[in-house]
Amino acid sequence: MLPTSLAAAETPVEKRVDEQLSGLNFDGISEYWQKVVDTYGGFLPESRNLSFKDLLASHPNGLFGKWLKGIGLYLLQELAVNGKLLGTLIILTIFSMLLQAIQNAFEYQTVSKIAYSVIYLVLIIVALNTFKVAMDLTTTAIQDMNHFLLALMPLILALMATSGSVASVAFFHPLVVFLINVSGWLVSSFVLPLIFMSTLLHIVSSLTEHYKVTQLANLLRNVALGTLAVYFAVFLGVMSVQGMATSVSDGVLVKTAKFITGNFVPVVGRMFTDAADTVIGASALVKNTIGIAGLLILVFLVAFPAVKVFALTVIYNLATALLQPLGGGPVIQCLSIMAKNMLYIFAALAIVSTMFFLAVTIIIASGNMSLMMH
């Protein structure tokens, strides 16, 4: 009798979940899932014919390994594609070293100095173009995550309001929109330009022994990274502490309302609280399902651009390691600068994506916490 009664008790919740899922509009979210499938479907073959609603209904546990394998294959492809860049860097560096040896061997060094300068300028142009590509990838990935979260948040917050988390919705709605927009502006308009200026100043400092601006370059880089670290701490502190506080107040408020309704409203009070429990439980299940699917899409939106930036970082570090035995000088110093600052771009993208990921997780967890309270 126990399994039958449990199954019968679960039926209204499951029915309510199906009704809510069928009544929701997923066009704004499914557009981003379709973008991931269209752009990177070759590395996610199991997801090519998987719509967003299919993703909600499926159990992705069996797909995680295949998705990780696809991301790994994408990393290998990017390393192979950027092998041409590695070859270019090696050839230019070897030519510059040969010219440097020639100008040291002969008395008349004017021609070899000019040739060396030309090759060094070409190397700088190639490096800065690559750096600009990494910055554009990072900016585009952050903008995609911004727009996706602004499309995802109304659904999650509406379901939280249905499950009784009214105070949490009133707190999160303006805060999340503000923090998401500030994150995008902060990275694209402040952090990345400062890192780029720092890289440029370091390269200029490597051109001559007499005029150095490395301290200014380090200052710009430290300001950029310090600002991002402070914003990350404020973001998580406000979201987690205040979010949990509002979820507790929501749980106490709903529990009080249910107690008053069930005990002081005659006849229909208990029936009303039972129906409310069904609606609240179904809304929480739908919210968690959409939230988990949203987190998956968020990971895919950032994973492939991050892998591409990481591949560029590996290429520059590999070039620096392979060419260092040929000697020092401004060329090796330039490659070392590019490798280090490319890693800072990757770190900026990782920090912002972590902020967004944790924001969605905290919102989902706060809704579940208020549900546990009542």
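Here is a short chat about aromatic pairs, one helix and one serine in a predicted model.

Biologist: How many aromatic pairs does a search of the whole structure find?

Modeller: A pair of aromatic rings is described by the distance of the centres and the angle of the planes. Rings here pair if their centres lie within 6.5 Å. Searching the whole structure that way, the number of aromatic pairs found is six.

Biologist: Take Tyr74 and Phe304: is that pair stacked or edge-to-face?

Modeller: The two ring centres sit 5.0 Å apart. Planes over 60 degrees apart count as edge-to-face. For Tyr74 and Phe304 the planes are at 85°, so the pair is edge-to-face.

Biologist: And how many residues apart in sequence are the parts that this pair ties together?

Modeller: Tyr74 belongs to helix α4 (residues 64–81), while Phe304 belongs to helix α9 (residues 268–323). Tyr74 is buried at a relative accessible area of 6%, and Phe304 is buried at 0%. Given those two helices, the pair ties together parts whose separation in sequence is 230 residues.

Biologist: What about Tyr231 and Phe235, which kind of aromatic pair do they form?

Modeller: Both residues are buried. They are four residues apart in helix α8 (residues 214–264), so about one helical turn separates them. The centres are 6.1 Å apart and the planes make an angle of 45°, and this pair is tilted.

Biologist: Back to α4: which residues of α4 are exposed on the other side from the buried ones?

Modeller: The helix has 18 residues and spans 26 Å from first C-alpha to last, close to the 26 Å expected. Its buried residues are Trp67, Gly70, Ile71, Tyr74 and Glu78. Those cover an arc of only 95° around the axis, which puts them on the same side of α4. On the other side, the exposed ones are Leu68, Lys69, Leu76 and Ala80.

Biologist: Now Ser205: is it buried or exposed?

Modeller: Ser205 is in helix α7 (residues 166–207). Buried means under 20% relative accessible area. The value for Ser205 is 1%, so Ser205 is buried.

Biologist: Which residue has its backbone oxygen 2.9 Å from a polar atom of the Ser205 side chain?

Modeller: Leaving out residues up to four places away in sequence, Ser205 touches Tyr211, Lys212, Val213 and Thr214. The backbone oxygen we want lies 2.9 Å from a polar atom of the serine side chain, and it belongs to Leu201.

Notes. Residues are numbered from 1 along each chain as its sequence is written. This is a predicted model: local features need pLDDT of at least 70, side-chain atom pairs count only at pLDDT 80 or more; totals for chains, interfaces and linings use all residues. Side-chain values use heavy atoms; hydrogens and water are left out. Rings of Phe, Tyr and Trp (its six-membered ring) pair if their centres lie within 6.5 Å; planes under 30 degrees apart count as stacked, over 60 as edge-to-face and the rest as tilted. Buried means under 20% relative accessible area, exposed over 50%, partly exposed in between (1.4 Å probe, protein chains only). A polar contact is a pair of N or O atoms within 3.5 Å; within protein, one must be able to donate a hydrogen and the other to accept it, and residues adjacent in sequence count only if both atoms are side-chain atoms. Contact means heavy atoms within 4.5 Å. The expected span of a helix is 1.5 Å times one less than its number of residues. The arc is that of the directions from the helix axis to the C-beta atoms.
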